[in-house]
Amino acid sequence: DFHGVARDSDLIALQVFSRVDVQSQCGQTPAPCLRAFQSDIIGALEYVFELADNGMDVASANMSLGGGGTCSATYQNAINGAVGRGTTIVVAAAC
């Protein structure tokens with residue numbers, strides 16, 4: 001008999017990383033490398049919005065993607081949209 005935190009919850013993993021073969025786009029990481037493009041991250045958040053808008057109780061979304069990227073107004077708007085739908089956003093760095 002399993003006992004634990006949120007044992008009746010479900011997890012949904014969304015892939016936002018792409019393989020990049022161009023060294024200039026990989027920075028100091030040797031090519032090929034993995035990068036998360038803003039359009040893919042926003043697309044994943046929009047998918048979460050659709051789930052919430054269609055009645056799924058989306059408690060939180062983890063956006064701890066690593067790296068030292070900046071938090072743009074586009075991300076902030078998407079995060080605000082999720083929070084407005086009752087979803088808590090977890091990010092490794094503050095926006």
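This short presentation describes the disulfide, the nonpolar core and the aromatic rings of one structure. Please bear in mind throughout that the model is predicted.

I begin with the disulfide. A search of the whole structure finds one. Its partners are Cys26 and Cys33, whose sulfur atoms lie 2.1 Å apart. As general background, a disulfide is a covalent bond between the sulfur atoms of two cysteines. Why is the disulfide of Cys26 and Cys33 described as left-handed? The torsion about the S-S bond is about -90°, and therefore the disulfide is left-handed. As for their surroundings, Cys26 and Cys33 are both buried.

I turn next to the nonpolar core. The largest such core comprises 13 residues. Within this core, the residues with the most contacts are Ile41, Leu45, Met63 and Ile89. Two helices, H2 (38-53) and H3 (73-84), each supply at least two residues of the core. Which helix gives the most to it? That is H2, with five residues.

Ile89 merits a separate word. Which residues does Ile89 contact, once its neighbours within four places in sequence are left aside? They are Leu45, Ala61, Met63, Ile79, Ala82 and Val83. Two of these partners, Leu45 and Met63, were named a moment ago among the core residues with the most contacts.

Finally, I come to the aromatic rings. In general, a pair of aromatic rings is described by the distance of the centres and the angle of the planes. In this model, the count of aromatic pairs comes to zero. There is, however, a charge over a ring: Arg85 lies over the face of Phe49, at 4.2 Å from the ring centre.

Methods
Residues are numbered from 1 along each chain as its sequence is written. This is a predicted model: local features need pLDDT of at least 70, side-chain atom pairs count only at pLDDT 80 or more; totals for chains, interfaces and linings use all residues. Side-chain values use heavy atoms; hydrogens and water are left out. Rings of Phe, Tyr and Trp (its six-membered ring) pair if their centres lie within 6.5 Å; planes under 30 degrees apart count as stacked, over 60 as edge-to-face and the rest as tilted. A charge sits over a ring if NZ of Lys or CZ of Arg is within 6 Å of the ring centre and within 35 degrees of the ring normal. A disulfide is a pair of cysteine sulfur atoms within 2.5 Å. Buried means under 20% relative accessible area, exposed over 50%, partly exposed in between (1.4 Å probe, protein chains only). A nonpolar core is a set of buried Ala, Val, Leu, Ile, Met, Phe, Trp, Tyr and Cys residues joined through side-chain atoms within 4.5 Å. Helices (H or I, at least four residues) and strands (E, at least two) are DSSP runs, numbered from the N terminus. Contact means heavy atoms within 4.5 Å.
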